[in-house]
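Pull up the model and follow along; we'll hop from helices to sheets to a few individual residues.

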Amino acid sequence: MQPTVAVVGAGAAGLATLKALADVGVPAVAFEAGDQVGGLWVYGAAGSPAYRTLHLNTSRARTEFADHPMPAHWPDYPDHTRVAGWLADYADRFDLHGRVRLRHTVTRVASEPDGRWTVRADGPDGPTHLSVAAVVVANGHNRVPKPLPVYPGACTARQLHSHAYREPEQLAGQRVLVVGGGNSAMDIAVDASYTAAHTLLSLRRGVWVVPKHLLGRPSDSLNGALSRRLPWRLRQRVTQALLAAAVGPPARYGLPAPAHGFLQEHPTLSDGLLSRLTHGEIEPRPGIASFDGERAIFTDGREDDIDLIVWCTGYQVDMPFLAPDLLGEGADTLPLYQHVFHPDVTGLAFIGLMQSTGAAFPLVEAQAKLVAAQLAGIYTLPPPAIQRAHTAAELRAARDRWGERRPAMRVDFDVYLTQLRRELARGARPSRQPYQKVTT
């Protein structure tokens, strides 16, 4: 059957989209640049940022698809090999492999005068193009590293972005400076502390470092339980009090205090970091002020000789196949309805273009079901004016909570998952289910 929908990417978001479309009888095809499904979780695949010691930083029970649970005997935080295999099993179970064109890089997605879309891709047999009724962009936003930062002075130490990090042996015997406060930075700093000659961790601003277990349970499960009873500001106070009792303030470990409250930054989960700090195997440093050859000079005046800098400074959203007029000021600022539907054109949706306080997989699964229902005609979008009003209100609430750090992409995991389920029900019964106001 000729596909009527094209999906860009066959990682978790793309696979969930294919499955949701198949469930409602909408034929679709996905274009995947890699040679297997699974996206960034496929260690060693071209473009994947996975490193050998990578594990989930959200717990198994809070990360799995509702339609495809992870095995109950797995550990709370499985490694990349298990996750990649589980995604491949998902594709097997729901017969998705035949709907994926591997080694096909999408080069252009363009709307046509008749309302259809043309998708062009380069594949192993040369260029190809496809005319479809709709396009779902599910290519992720952790593949293109941000440019390396530039500081005063000349740096002669070797430098790499965390995207190029693969295994602890890359760090062996060297004086390593890890820059950043996210999960990758903490993982790489811990790896370095076992193999490098000296490990420094530089943070310009404080982050909330959360152990992977609290009170004998995966730490994210506690926030999930609280979300059903408390608004986020009360959850914030409860969680901060719990962290203070369990691990103490960041200053105890030589780390800067977070500038924002918990649930106003993406939490960093690590069991190893605080232990390695207290053993002196990782030395904290503030932000970098300048460089002088192989010497890093920090904002507190301290100086250290270094051989290697690992920049864990994040990724940029990259969708070069879309015309600039479709992206406005940038894909990370698009005012998408429900973080999914393009505000100005029909037939263009995005899955996974968000930053969650928790896991991504359940959210992309719920987004995919919403898109599939809309394309199958069993879910109706509200009128454009209501879409725009809702999106504007959501953006204001996000700015109040997260400031200007990608507010258009920010979602509260539990609140947003509930919101998507209610939206699907509302659109399926528009005359009986009133539109839901924005909540946080």
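Start with two helices, α9 (residues 361-375) and α11 (residues 413-428): in this predicted model, their axes come within 10 Å and cross at roughly 15 degrees. That makes α9 roughly parallel to α11, since angles under 35 degrees count that way. As for handedness, the crossing of α9 past α11 is left-handed. If you want to see what fills the contact, select Pro362, Leu363, Ala366, Gln367, Lys369, Leu370 and Ala373 on the α9 side, which meet Phe413, Tyr416, Leu417, Leu420, Glu423 and Leu424 of α11. Sorted by character, the residues of this contact come out as ten nonpolar, one polar and two charged.

Now for the sheets. One is an open sheet of five strands with parallel pairing, and its order reads β3-β2-β1-β7-β22. At its edges sit β3 (100-102) and β22 (348-350), each of which pairs on one side only. From one strand to the next, the twist averages 20 degrees. Zoom in on β1 (residues 5-8) and β7 (residues 134-137), and you'll find a parallel pair held over four bridges, with Ala6 opposite Val135 in β7. Lying across β1, β2 (28-32), β3 and β7 is helix α1 (residues 12-23), which runs at about 160 degrees to β1.

The other sheet to look at has three strands. It is open too, in the order β17-β18-β19, but here the pairing is antiparallel. Each of β17 (288-292) and β19 (303-305) has a single partner strand, so one side of each is left without a neighbour in the sheet. Neighbouring strands in this sheet are turned by 25 degrees against each other on average, if you ignore direction. Strand β18 (residues 295-298) pairs with β19 in the antiparallel sense over three bridges; for Arg295, the bridge partner in β19 is Asp305.

Back to helices, this time with burial in mind. Helix α5 (residues 219-227) is largely enclosed by the rest of the structure, because eight of its nine residues are buried. The buried ones are Ser219, Asp220, Ser221, Leu222, Asn223, Gly224, Ala225 and Ser227.

Helix α4 (residues 183-195) gives us a single residue to follow, Val190. Is Val190 buried or exposed? With a relative accessible area of 14%, Val190 is buried, because the cut-off for that label is under 20%. Leaving aside residues up to four places away in sequence, Val190 touches Ser270, Gly272, Leu273, Arg276 and Ile282. Take Ile282 from that list: the residue is 92 residues away from Val190 along the chain, yet their C-alpha atoms are separated by 7.5 Å.

Finally, some backbone oddities. Most residues other than glycine have a negative phi. Asp95 has a positive phi of about 55 degrees, though it is not a glycine. You'll find Asp95 in the loop between α3 (80-93) and β3, and at 56% relative accessibility Asp95 counts as exposed. His339 also has a positive phi, near 60 degrees, and is likewise a residue other than glycine. His339 lies in the loop between α8 (324-327) and β22. What about the burial of His339? A relative accessible area of 4% makes His339 buried, whereas Asp95 is exposed.

How values were computed
Residues are numbered from 1 along each chain as its sequence is written. This is a predicted model: local features need pLDDT of at least 70, side-chain atom pairs count only at pLDDT 80 or more; totals for chains, interfaces and linings use all residues. Side-chain values use heavy atoms; hydrogens and water are left out. Buried means under 20% relative accessible area, exposed over 50%, partly exposed in between (1.4 Å probe, protein chains only). Contact means heavy atoms within 4.5 Å. Two strands pair if DSSP finds at least two bridges between them. Axes are lines fitted to C-alpha atoms, for helices over the stretch in contact, and angles run from 0 to 180 degrees between N-to-C directions. Angles under 35 degrees count as roughly parallel, over 145 as roughly antiparallel, 65 to 115 as roughly perpendicular and the rest as oblique. A crossing is left-handed if the near helix is turned anticlockwise from the far one by less than a right angle, and right-handed if clockwise. Ala, Val, Leu, Ile, Met, Phe, Trp, Tyr, Cys and Pro count as nonpolar, Asp, Glu, Lys and Arg as charged, and the others, Gly among them, as polar.
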